[in-house]
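Here is a friendly walk through one chain, from its overall surface down to single residues. Keep the viewer open and follow along.

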Amino acid sequence: MAEAFFQVLIENVSSLIKSEVGLIMGVDKEMKKLADTLTTIQKVLEDAEDKQFQSRAIQNWLSKLNGMAFEIEDLLDECNTEFAKLKGKGNNFLKKVLYKRKVGRRMKEASEKLEAVAKDRLNFDLKEIVVQQPKQRDWRRETGFVLNDPDHNKIPGTETESYNSTSVANNKIREVHWRKFNSKIISSSTIALEVSTLTTIMDYNRLRILKLIRIDMGELPCAIGKLKQLRCLNLEHSRIRTFPHTFCSLYNLQILILNRCYQLESLPKNIRNMTNLRHIFLNECLKLSDMPRRVRELASLKTLSLFIVGDRIGNQLDELEHLYLGGRLEIRHLESVKNHLIAKKANLVEKPNLRDLVLRWGGDSTSSELTKMKEGEKVLEALQPHPNLVTLEIDGFRGRGMVLWMKSMKNITRIYIRNCSNCRYLSPLGNLPLLKSLHLWYLDALEYIVEENEVGCEIAIFPSMEELHLVWLPNLKGWLKEGEVVEMLPNLQSLEITGCESLRLTSNSGGLNFVTKLKLQDCRIGSSFPEGLFRHLTALQELEMYGNVEFEDVSAEEIKNLHRLQSLEIVFARTLVSLPQVLQHIPSLQSLSLFYLDQLTSLPDWLPTSLTQLKISSCPEIPSLPSSIQGISNLKLLSIWYCP
C-alpha cells in the first residue's frame with residue numbers, strides 16, 4: 001500500500017513540475033529534488049514492509065516516513081491551492097512574493113527532512129526493487145486512496161478513522177464515514193443535530209475523504225470551505241438541494257459523488273474554478289434542471305455522468321468538446337439543441353473511454369412536430385460516439401428512424417430504445433456481433449425489428465443476442481419484414497413480450513429454441529404466436545404471464561413439450577376464473593405463483609404433484625385449498641397472503 005501512496009506523491013510532484021507550478025512559484029528546483037528522494041525511498045519500501053514485523057527499528061522508520069509523506073502531501077495541496085487562487089490576479093503582487101518566500105522555505109525544509117529520513121534506510125540493509133508502473137493509470141488511485149464504484153458503501157483509505165465526537169486528534173483524521181439510515185420522521189431537532197455534527201467535522205482540517213450518506217440537510221454548512229485538503233466528497237442519497245458559496249474554495253477536491261440526491265436543484269455556480277475535479281457522479285438527480293456555465297474549464301474532468309443542455313452560451317453541447325470523458329454520460333434536454341452543428345462539437349466520437357451513453361429528449365420544445373422530427377434526426381446523427389461504447393440508451397427521440405452509425409458500434413452489448421413514438425425503423429442492428437441485450441419500449445410506429453436490407457447476410461441475425469424485451473409496441477408485426485435468413489436469434493435466452501397486439505410470429509421466425517425465460521403480458525397466444533409455439537420452447541424453464549394472457553388453441557400435446565419448465569407465475573389476470581387445464585400436463589413444474597387474480601374462484605384438484613413451492617397472494621375469491629394438496633408430497637413451501 002505504501003508504494004502506491006508514494007507513487008501518487010511522485011506523480012503529484014511531477015504534475016506540478018510539468019505544469020510549471022514549481023517554476024512560477026520559485027520552487028522548481030526543490031520540487032525536482034523532492035521527486036528524486038521520493039523515488040529513491042519507493043524502491044526499498046516493499047522490502048521494508050516485509051521486514052518491519054521482525055524489526056522495531058524498521059517499524060519506527062516507516063512510521064516516521066508515513067508522517068513525512070502526509071506532511072509533503074499537505075504542502076503540495078497547499079501549493080496547488082494557492083497557485084489556483086493567485087493565478088490571473090494581477091493586483092496582488094506583494095501577496096504573491098510573500099507566499100513564494102513562505103512556500104520556498106517550507107519546501108526546502110520538507111526536502112531536507114525527507115532526505116534525512118531517506119538516509120536512514122542505509123542502516124537496514126534494504127533491497128531495492130524496481131517499481132513496475134502501470135501503462136494506464138486507474139482513476140480510482142488518483143487521490144492516494146482506492147475508491148470503489150460510487151454505488152458501493154466501502155471506500156478504503158490510506159488512513160481511516162470513523163467519526164467520533166470525542167476525538168481530539170482532528171488534524172490526524174483523514175477519512176470520515178457518516179451514514180444515516182432511513183428515518184420515517186425528520187424533525188427540526190434531527191436536522192439541528194446533523195448541523196452540529198457536521199460543524200464538528202469541519203474542524204478536521206486534514207480530511208481527505210468525507211462520506212455523508214442520507215443526511216437530511218438541504219445545504220451543507222459554509223464551514224465546508226475549511227476542508228482545503230478534501231479530495232473526495234460523497235453525499236449520495238442525501239436531501240441536499242444547493243451548495244454554499246464557500247464550496248468552490250475546495251480547490252483540491254477531485255471526486256464529487258451526488259448519486260440519487262433526488263432533491264438536488266443546482267450545482268455550485270462557480271464549479272468551473274475547481275480545476276482539480278476529475279469525477280462528478282450525478283446519477284438519478286431527477287430535479288437537477290441545468291448545469292453551471294463553462295464546465296469546459298474543468299480540464300482534468302474524466303467523469304461527468306450527467307450533462308443538461310441549456311439555451312445559453314456556456315450551457316450547450318460544445319462545452320464537452322475538449323473534455324476527455326469516460327465511464328457513463330447522460331445528456332438530457334436534447335430538444336434544446338437548436339443547431340445540430342453544435343451537437344457535433346460535443347465530439348463524442350473522439351472519447352474512447354466512454355462506455356455508457358444515454359441520449360434523452362424531453363417534451364417541452366415549442367417547435368412543430370415536423371421540425372422536432374427533422375432536427376432530432378440531425379442531432380442524433382451528430383452525436384455519434386466512439387466505437388468502444390458498450391451501452392446505448394435513446395429516450396424521447398422524435399425522428400422517423402435510428403441513424404446508420406449504430407450499425408458500426410461493434411463493441412456494443414446493450415441497447416435501450418424507449419418513448420420514440422415516430423420511429424418506424426431501426427438502424428441495421430442485426431449484424432452487431434456482441435449485442436446481447438435489446439430493450440424496445442413504447443415505439444408506437446415500429447412494425448419490424450429487422451428491415452429487408454439486412455436480409456441476405458451470410459451470418460446469423462443478432463448472433464449474440466441473449467435478452468430481448470418488446471414492451472408496448474402496438475404496431476409490431478414480426479421480427480423480420482421479408483426475405484429469407486440463414487439464422488435468427490440463435491442464442492436468445494430471455495424474451496419479454498408485453499402489449500404487442502399486432503405481433504404475428506411465424507414458424508420460421510426463429511429465436512425460440514434456446515429461450516429459458518419467457519414473460520408474456522396482455523397477448524393472445526393463439527393469434528400472436530405460430531401454431532405449435534410450445535413445441536419450439538423445449539429449453540424453457542421460467543414462464544411469467546401478466547394481464548390477460550389466454551391459452552386458447554394450446555393443446556395438451558403441445559404443453560408436454562415444456563418438459564424443462566420449473567417455474568410458472570400468473571399475475572394480474574383479472575378475467576381468469578379457473579386455471580387452464582392444459583397446465584396439468586407440465587411434467588416438471590416445481591414452483592407455481594398466483595398473484596392478484598380477482599376472479600379466480602378455486603384451485604383445481606389436478607395441481608401437479610411435482611410442486612415444491614405454491615405461492616398465492618391477493619386472490620380474494622379462493623375459499624379454500626383443494627384436498628388433493630395433501631398428495632403433493634414434495635411441497636416444501638406454501639405461502640398464502642391476502643386471501644380472506
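The accessible surface of the chain comes to about 30,500 Å², and 48% of that surface belongs to carbon and sulfur atoms. Accessible areas come from the Shrake-Rupley method with a 1.4 Å probe, and for residues only the protein chains shown count as cover. Please keep in mind that this is a predicted model: local features need pLDDT of at least 70, side-chain atom pairs count only at pLDDT 80 or more, and totals for chains, interfaces and linings use all residues. Residues are numbered from 1 along each chain as its sequence is written, and side-chain values use heavy atoms, with hydrogens and water left out.

**Overall picture**

The chain holds 10 helices and 22 strands; these are DSSP runs numbered from the N terminus, helices being H or I with at least four residues and strands E with at least two. Of its 644 residues, 51% are buried, where buried means under 20% relative accessible area, exposed over 50%, and partly exposed in between (1.4 Å probe, protein chains only). Among contacts with a separation of 6 or more, 59% are made by residues 24 or more positions apart; a contact means heavy atoms within 4.5 Å.

How confident is the predictor? The mean pLDDT of the chain is 82, and 80% of its residues reach 70 or more, on a scale of confidence in each residue from 0 to 100. Confidence is highest in strand β10 (residues 391–395), at a mean of 98, and lowest in helix α9 (residues 525–528), at 60. Over residues 134–169 the pLDDT is below 50, and this stretch has 84 contacts in the model beyond near neighbours in sequence. Residues 182–186 also stay under 50, with four contacts beyond four places in sequence.

**An open sheet**

Six strands form an open sheet in the order β1-β2-β3-β4-β5-β6, with parallel pairing. At its edges stand β1 (175–179) and β6 (303–304), each with a single partner strand, so one side of each has no neighbour in the sheet. Strands count as paired if DSSP finds at least two bridges between them. Inside this sheet, β4 (residues 255–257) and β5 (residues 279–281) run parallel and are joined by three bridges, with L256 standing opposite I280 in β5.

In the loop between β3 (232–234) and β4 you will find R239. R239 is partly exposed, with a relative accessible area of 39%. Its C-alpha atom is separated by 9.2 Å from that of R260, which lies 21 residues apart along the chain.

**A run of parallel pairings**

Further along the sequence, several strands can be followed from one partner to the next, as set out here.

| Parallel pair | Bridges | Opposed residues |
|---|---|---|
| β14 (residues 467–471) and β16 (residues 494–498) | five bridges | L470 and I497 |
| β16 and β17 (residues 517–521) | five bridges | I497 and L520 |
| β17 and β18 (residues 542–546) | five bridges | L520 and M545 |
| β18 and β19 (residues 567–571) | five bridges | M545 and I570 |

How well covered are the strands in this run? Strand β16 is mostly covered, with five of its five residues buried. From β16, S494, E496 and T498 point one way while L495 and I497 point the other, and all are buried. Strand β18 is largely enclosed by the rest of the structure, because four of its five residues are buried.

**H439 and the cores**

Another residue worth a look is H439, found in strand β12 (residues 437–441). H439 is buried, at a relative accessible area of 8%. Its side chain makes a polar contact of 2.9 Å with the side chain of S437; such a contact is a pair of N or O atoms within 3.5 Å, where within protein one must be able to donate a hydrogen and the other to accept it, and residues adjacent in sequence count only if both atoms are side-chain atoms. Leaving aside neighbours within four places in sequence, H439 is in contact with I415, Y416, I417, E467 and H469.

The largest nonpolar core has 142 residues, and those with the most contacts inside it are L220, L317 and F462. A nonpolar core is a set of buried Ala, Val, Leu, Ile, Met, Phe, Trp, Tyr and Cys residues joined through side-chain atoms within 4.5 Å. Beyond four places in sequence, the contacts of F462 include L429, L435, L438, I449 and M488. Apart from the largest core lies another, of 33 residues, among them F6, A35, L65 and I72.

Terms used:
pLDDT = per-residue confidence, 0-100.
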